[in-house]
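I opened the notebook to record a few lookups in this model. The entries follow the order in which I made them.

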Amino acid sequence: MYYIKPVISVGKIGIESLKKFPIGKEVLIISSKTVSKNYGLHDIFEKLKKESTLYIFNHIRPDAPFEDLDRVLEELKDVQLDTIIAIGGGSTIDAAKALSIAFGKISYKDIFYGKTQVPNSKIPLIAIPTTAGTGAELSFGAIIYDKENGKKGGIRGEIVQPDFVFIDANLHNGCPTKLKAEVGFDCLTHAIETYISKKSNPIVKNQSINCIKIIFQHLVSACKDNSIYDMEKVAIASSLMGINLAFSSTCLPHRIQYVIGPMTGTSHAQGLIAIYKGWLQYLYNENVDELVDLATDLEMSVVQFLDKVDNLKKELSLNYGISKLGLCQDHIEKITSMVTGNVQADPSYKDINSITNILKLAL
Ligand SMILES: [Fe+2]
């Protein structure tokens, strides 16, 4: 099964383009600080204020911790919101996705801990991504963080998918080159993992192959030359990988990153870059069929594909393993024991030793 929704618009953000979406009277805007300053959003907000009451927050930190969500819920507990607009990277959008279902009677924390189901109604959400990679703007999950209990996880369900998505490559292009490259690598991991996963299907694979080709062809120019043309290609591919995440799954790298991210204080993308050093090598060593199929679909040998990924990492200065994140051999057992989630979706997973071996190769 595969279907693409919601409404996705590509172009330059402005009051006219925003007004194509139903904004409503009471509007929560979650935006990242840098974006608010750099993109003339202030002017757009001023115009919106003529017709709507805006509640603007720009305090969401990386990983979208519970306390940041609670602050919004507390401050707006007496407001009947019509819409939420999220402008920012993955954490900002994920926070907004969680908030879109959090104003009702059901506690988002109970949903997070599996004590109750996601509700079937929400506040409509407009997502405007400013980084190209997480796919958060189209995926069915909101990844948030219970800092107190050290647990990062997801609220999952179609209901949390944003209702409208606006892609403006100018917003993406303003993000620093290093971040652009790192997040672009996250996009590549979504394409590779949703293909390799046991949950994949032919349409997912088709989209993955397209995305991998786009990343190989356009990510370097998008990062190094600040090319809007290349950036828009990457941004669209990245968003569509959000749909792939909904109809397939990620593999062990994402399971492992959820542990080492909070442990090392490194970003989602940095963790994946480091883990990929070991995971791709492990897939190759174990002769995983899906890796062979992926390379074949790209009209490459497996070795050529691995070289292509390596070269991309070198060109973007992303060529490192988990030791760069401050981890060593002594941490591996603990990390392995903390990995949770559906590890079986990864065809290379045999038992817990698979994770240990991936981590050793990733040092
Ligand atoms: Fe990811």
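Entry 1, terms. I count a residue as buried when its relative accessible area is under 20%, as exposed when that area is over 50%, and as partly exposed in between. With 19%, His-268 is therefore buried, since the limit is 20%. I note here that the model is predicted.

Entry 2, the metal site. Which residues are the protein donors of the iron ion? I found Asp-186 through OD, and His-190, His-254 and His-268 each through NE2. These donors lie 2.2 to 2.3 Å from the iron ion. Along the chain I read their spacing as D-x3-H-x63-H-x13-H. His-190 sits in helix 8 (residues 177–196) and His-268 in helix 12 (residues 268–285), so that this pair, 78 residues apart, links distant parts of the chain.

Entry 3, geometry. I looked up the angles among the four donor atoms of the iron ion and got 83 to 170 degrees. Four donors count as tetrahedral only if all angles lie between 85 and 135 degrees. The site is irregular. For reference, the ideal angle for four tetrahedral donors is 109.5 degrees.

Entry 4, cover at the donors. Is His-190 buried or exposed? His-190 counts as buried because its relative accessibility is 3%. For His-268, in helix 12, I had already entered a relative accessible area of 19%. I also checked His-268 against Tyr-258: the two are ten residues apart in sequence, and their C-alpha atoms are 7.7 Å apart in space.

Entry 5, cysteines. How many disulfides does the structure hold? I found zero. The closest cysteine sulfur to that of Cys-175 belongs to Cys-223, at 8.0 Å, which is too far for a bond. Cys-175 counts as buried because its relative accessibility is 11%. Cys-187 is in no disulfide either, and its nearest cysteine sulfur, that of Cys-211, is 3.6 Å away. A disulfide needs the two sulfur atoms within 2.5 Å. Cys-187 is buried, with a relative accessible area of 0%.

Entry 6, surface. I looked for a nonpolar patch and found one of about 290 Å², made by Ile-4, Ile-8, Val-10 and Ile-236. Ile-4 lies in the segment before strand 1 (7–10). Because its relative accessibility is 47%, Ile-4 counts as partly exposed.

Conventions. Residues are numbered from 1 along each chain as its sequence is written. This is a predicted model: local features need pLDDT of at least 70, side-chain atom pairs count only at pLDDT 80 or more; totals for chains, interfaces and linings use all residues. Side-chain values use heavy atoms; hydrogens and water are left out. Donors are N, O and S atoms within 2.8 Å of the metal (3.2 Å for Na, K and Ca); water is not among the atoms, so sites may look incomplete. Four donors count as tetrahedral if all angles lie between 85 and 135 degrees; four count as square planar and six as octahedral if opposite donors are over 155 degrees apart and all others between 65 and 115; anything else is irregular. Helices (H or I, at least four residues) and strands (E, at least two) are DSSP runs, numbered from the N terminus. Buried means under 20% relative accessible area, exposed over 50%, partly exposed in between (1.4 Å probe, protein chains only). Patches are made of residues with over 30% relative accessible area and no salt bridge: like charges are joined within 9 Å, nonpolar side chains (Val, Leu, Ile, Met, Phe, Trp, Tyr) within 5 Å. Accessible areas come from the Shrake-Rupley method with a 1.4 Å probe; for residues, only the protein chains shown count as cover. A salt bridge is a side-chain nitrogen of Lys or Arg within 4 Å of a carboxyl oxygen of Asp or Glu.
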